[in-house]
Amino acid sequence: MEKKNTLTKMLAIMGTLLVWFPLLAAVILSIAHLIRSGKFLFDFLIPAEIFYVILIGGALLIWAAVRAKTYWAWIIWSLVGAVVCLVASQGLAMVTGIASGTRPAEGFWWIMVMVLMGLVIVAEIIEGIGGILLTRKLFTPDPKS
């Protein structure tokens with residue numbers, strides 16, 4: 001790893017925080033609602049609703065990973081997977097009429113839309129783990145120096 005300078009480290013930290021933010025927001029808001037009302041409600045669509053935050057974080061992580069020459073494939077593929085699954089989920093919901101309400105949210109197509117949304121969340125978690133590993137590697141002292 002040639003470039004372990006401050007810019008690369010800051011890109012990795014900011015990217016990781018931005019990628020994890022929508023996932024952690026969903027959990028924190030659910031816990032806050034549970035404490036306040038006694039009912040557990042989990043909005044699993046928050047990561048999709050603020051996906052632009054994940055895109056920005058992913059771009060920062062890709063930049064940091066390319067500079068550091070490590071974990072770039074992991075981060076790129078997980079971001080691509082999240083984008084593809086999100087577009088497929090939204091596209092399928094629109095094509096089948098689930099998004100407009102002309103078809104009820106039930107049955108095979110509804111399950112497929114939800115499976116794709118689940119895969120979006122899995123891909124985001126994988127990307128977040130890649131960001132943590134990249135950041136950890138950047139802050140690990142190099143034994144060669």
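# A walk through a five-helix chain

Buried residues make up 38% of the 145 residues in this protein chain. Keep in mind as you click around that this is a predicted model.

**Stop 1: the whole chain**

Start with a cartoon view. You should see five helices and zero strands, so to speak an α-α-α-α-α run when read from the N terminus. Put a box around the C-alpha atoms along the principal axes and you get roughly 65 × 40 × 20 Å.

Now switch on the surface. About 8600 Å² of the protein chain is exposed, and carbon and sulfur atoms supply 74% of that area. Colour by charge next: there are 11 positive and 7 negative charges, and the mean positions of the two sets are 11 Å apart.

How much of the contact map joins residues at least 24 apart? Among contacts between residues at least 6 apart in sequence, the share is 77%.

**Stop 2: the largest nonpolar core**

Hide the surface and select L11, A12, V19, L60, L61, A64, A65, A68, I75, L134 and L138. These eleven residues form the largest nonpolar core. Helix 1 (6-37), helix 3 (51-68) and helix 5 (107-139) each put in at least two of its residues. Which helix supplies the largest share? That would be helix 3, with five residues. As background, nonpolar side chains in soluble globular proteins tend to be buried together.

Stay in this core and centre on V19. Skipping its neighbours within four places in sequence, V19 is in contact with I54, G57, G58, L61, E124, E127 and G128. One of these contacts, I54, takes you to another group: a second, separate core of ten residues, which includes I54, L79, A82 and A123.

**Stop 3: L11 and its surroundings**

Go back to L11, in helix 1. Is L11 buried or exposed? Its relative accessible area is 7%, and L11 is therefore buried, the cut-off being under 20%. Show what surrounds it: beyond the neighbours within four places in sequence, L11 is in contact with L60, W63, A64 and R67.

Pick W63 from that list and draw a distance between the C-alpha atoms. L11 and W63 are 52 residues apart along the chain, and their C-alpha atoms are separated by 7.3 Å.

**Stop 4: W63**

Centre on W63, which sits in helix 3. W63 has a relative accessible area of 45%, so it counts as partly exposed. With neighbours within four places in sequence set aside, its contacts are L7 and L11.

Then draw a second distance, this time to E49. What do you get between W63 and E49, C-alpha to C-alpha? The two are 14 residues apart in sequence and 24 Å apart in space.

**Stop 5: the loop after helix 3**

Slide along to the loop between helix 3 and helix 4 (72-96), where you will find K69. K69 is exposed, at 53% relative accessibility. Check its backbone too: phi of K69 is near 60 degrees, a positive value in a residue other than glycine. For context, most residues other than glycine have a negative phi.

Y71 belongs to the loop between helix 3 and helix 4 as well. Y71 is not a glycine either, yet its phi is positive, at about 60 degrees. Its side chain counts towards a partly exposed residue, with 26% relative accessibility for Y71.

**Stop 6: aromatic pairs**

Finally, show the Phe, Tyr and Trp rings. The count comes to three aromatic pairs, and two of them are worth a click. A pair of aromatic rings is described by the distance of the centres and the angle of the planes.

You already have Y71 selected, so to say, and its partner is W74. Their rings lie 6.0 Å apart centre to centre, with 80 degrees between the planes, and the pair is edge-to-face. W74 is partly exposed, with a relative accessible area of 35%.

Now jump to F108 and W109. What are the ring distance and the plane angle for F108 and W109? The centres are 5.0 Å apart and the planes are at 75 degrees, so this pair is edge-to-face, since planes over 60 degrees apart count that way. F108 is exposed, at 52% relative accessible area, whereas W109 is partly exposed, at 36%.

Methods:
Residues are numbered from 1 along each chain as its sequence is written. This is a predicted model: local features need pLDDT of at least 70, side-chain atom pairs count only at pLDDT 80 or more; totals for chains, interfaces and linings use all residues. Side-chain values use heavy atoms; hydrogens and water are left out. Helices (H or I, at least four residues) and strands (E, at least two) are DSSP runs, numbered from the N terminus. Buried means under 20% relative accessible area, exposed over 50%, partly exposed in between (1.4 Å probe, protein chains only). Contact means heavy atoms within 4.5 Å. Accessible areas come from the Shrake-Rupley method with a 1.4 Å probe; for residues, only the protein chains shown count as cover. Lys and Arg count as positive and Asp and Glu as negative; His and the chain ends are not counted. The place of a charge is taken as NZ of Lys, CZ of Arg, CG of Asp or CD of Glu. A nonpolar core is a set of buried Ala, Val, Leu, Ile, Met, Phe, Trp, Tyr and Cys residues joined through side-chain atoms within 4.5 Å. Rings of Phe, Tyr and Trp (its six-membered ring) pair if their centres lie within 6.5 Å; planes under 30 degrees apart count as stacked, over 60 as edge-to-face and the rest as tilted.
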